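Visitor: Please pick a single part of this structure and give me a close look at it. Take your time, and tell me how it connects to what lies around it.

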Amino acid sequence: MIHPHRRALRTALAAAACCALLLAGCGGDADSGKSAEAPPAAPIVQGRQLRFPPNHPQLALLTTVPATAASGLTVELPARLVWNEERTQRIYPPFGGRITAIGADVGQSVKPGTLLARIASPDFGQAQADTAKAQVDVGLSRKNLQRQRELFDAGIIARKDLEQAEADSARAQAEAARAAARTSLYGAGSAVNQQLGITSGIAGVVVERNLNPGQEVRPDQSGPGVPALFVVTDPSSLWVQIDAKEGDVASLRPGAGFTLQVAAYPGENFAGRVTAAADFIDPNTRTIKIRGLVANADRRLKGEMLATAQVKEAMQGTVVPAGAVTLDGTRHTVYVQTQPGVFEPREVVPAHMGPAEVVLARGLAVGEQVVAQNALLLARLFTMAREDAAPATAQPAGRATSGAAGK
C-alpha cells in the first residue's frame, strides 16, 4: 500500500494544480452522507517514462517547448571599467621633502608641464648643488687644458700630461651634462633653491589627488599598493577588463567586438573591441582576463564602473530554456514529452549555461518537446512514482508468504 504521508503529499500537489476540487453533493442535503470527490489518479512509471492519466490537472503546470538549433548566442560576461593605462600617468615623489603648494585638484584639466604641486626638498637641493659644482669643474678643467696645451707647445711638458688634461676635461664635461640632465628632468635651472615642481607629463584630467599642504613625502613611498600623489589620465577612452570563461576565449580574440552595458544607462549599449587577452587562467576563479577598449568622448562612462559585456558566439547544439535543465549531483537532465501526458528523463551535456538559455552539446535532438516550467515538480513526481512502484511489486510475494504462514 502507498504510505499515508506520500499519499498526502501527492494530494497536496494535485490540489495546487487544480486549486480546489469540487465537493460531491454540493448544494444537496447536508445529511445525505455523500463524500467528497476522490483526487485524480496518480501518474505511474513504466520503464523510463512517467505516464499521466488523461486530463490530469498537473499537466497544465508542465509547459513544454521545442528544442531549437543553436546558431548565434549572446553571452553576458562581468566587466569593469578602468583608466586607459596607455594614457594615464601616476606621479610619485622623486625626492623627499615637504609639500609647500598645490596647483591642481581633482577634475581639473591639465597640459604637459602644468604645475601640480611644489615640494621643498633638501635632496633636490643637493642635486642642484651637484649640477652647479659640475659646471664649475668644467670651467676649471678647460682652463687647465688650455695651460697644458701652451706648455706642450713650448716643449715644457710631455704629451702624456697633455692627454691627461684632455681626459680630465672630458670627464668634467660628461659629469656636468649628467647632473644638468637630472635637474632639468624636474624643471630646475642652474639656481640652488631646493624647490621641486611636480608637473604633469601628459594632457588630461586630474582624477586622483593624495596629498595635502605640509605633508612629508619620500621617494620610497611608491609602487604597488601605495597611492600616487596625482593620477592624470585622458578619459576619452577607457579600458574594459572582462572575466571570460574558457569556452568564451575563442570569441574574444584581439580585434573582436563586444557590446557594453552599465547600470547607469539602462537600455543603452556602448561598442568596444578586444585589445589583449591573458595567456593564463586564474586558478581561483577559472576565468581568463580579457582587456578591451571603449570610446568615451562624452565622458559619460567613469572609471571603476561595473558593467556587462555582451559577446556574440557561434555555437553548435540545441537550445532550451534554462528552467528546463535540472541538476542531480553532477548530471544535467531535461524531461522530454514523447507523447501527450508521457514524459521521460534525458541526460544531457551542456555546452553553455546562460541565465535565460542553455546550449546542449549532446543528449537532445532539435524539435523534441522539453518541459520548460516546473521541471523540478516533474522530477519529484518521478521520484514518488518510483518509490510507490517498488513496494507494489513486492506486495504479492509478501501476501503469499503471509497466507502460507496463516495456514
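**Around β22**

Guide: Let's start with a pair of residues: L50 has F343, in β22, standing opposite. Keep in mind that this is a predicted model. The strand behind L50 is β2, residues 49-51, which runs antiparallel to β22 and is joined to that strand by two bridges.

Now follow β22 to its other partners. β21 also pairs with β22 in the antiparallel sense, this time over seven bridges. If you want a landmark for that pairing, find V334, which sits opposite R346 in β22. The two strands make a hairpin with two residues between them. Look at G341 in that turn: its phi is positive, at about 80 degrees.

Then there's the next hairpin, formed by β22 and β23 with three residues in between. Here four bridges do the joining, and β23 (residues 357-362) again runs antiparallel to β22. M353 facing V358 in β23 is a handy pair to click on.

Why dwell on these strands? β21 (331-339) and β22 (342-353) each give at least two residues to the lining of the largest pocket, as do β20 (326-328) and α4 (375-406). The biggest contribution is from α4, with five residues. In total 15 residues line this pocket, and the ones nearest its centre are D328, R331, T333, Y335 and P345. The pocket's volume comes to about 310 Å³. As for chemistry, the lining splits into six nonpolar, six charged and three polar residues.

For contrast, swing over to the largest nonpolar core. It has 28 residues, and those touching the most other members are L81, V240, I242, F258, L260, V262 and L301. Two or more residues each come from β5 (72-83), β14 (237-244), β15 (257-262), β16 (270-277), β17 (288-295) and β18 (306-314). β5 gives the largest share, five residues. Try L260: beyond its neighbours within four places in sequence, its contacts are A79, L81, V240, E268, N269, F270, A307, T308 and A309. There's another core apart from this one, with 19 residues, including A104, L196, I198 and V206.

One of those contacts of L260 deserves a stop. E268 belongs to the loop between β15 and β16. Buried or exposed? E268 has a relative accessible area of 28%, so it counts as partly exposed. Setting aside residues up to four places away in sequence, E268 touches L260, Q261 and R300.

Last stop: an open sheet of four strands, paired antiparallel in the order β6-β13-β11-β8. β6 (88-91) and β8 (109-110) are its edges, and each has a single partner strand, so one side of each has no neighbour in the sheet. For β8, the partner is β11 (residues 204-209), joined by two bridges and running antiparallel. To see that pairing for yourself, look for V110, which stands opposite G204 in β11.

Notes: Residues are numbered from 1 along each chain as its sequence is written. This is a predicted model: local features need pLDDT of at least 70, side-chain atom pairs count only at pLDDT 80 or more; totals for chains, interfaces and linings use all residues. Side-chain values use heavy atoms; hydrogens and water are left out. On a 1 Å grid over the protein atoms alone, a cavity is a set of points where a 1.4 Å probe fits but cannot get out, and a pocket is an open set with protein on both sides within 12 Å along at least five of seven lines; lining residues have an atom within 4 Å of a point. Grid points are joined across faces, edges and corners, and a volume is the space filled by probe spheres set on the points. Ala, Val, Leu, Ile, Met, Phe, Trp, Tyr, Cys and Pro count as nonpolar, Asp, Glu, Lys and Arg as charged, and the others, Gly among them, as polar. Two strands pair if DSSP finds at least two bridges between them. A nonpolar core is a set of buried Ala, Val, Leu, Ile, Met, Phe, Trp, Tyr and Cys residues joined through side-chain atoms within 4.5 Å. Buried means under 20% relative accessible area, exposed over 50%, partly exposed in between (1.4 Å probe, protein chains only). Contact means heavy atoms within 4.5 Å.
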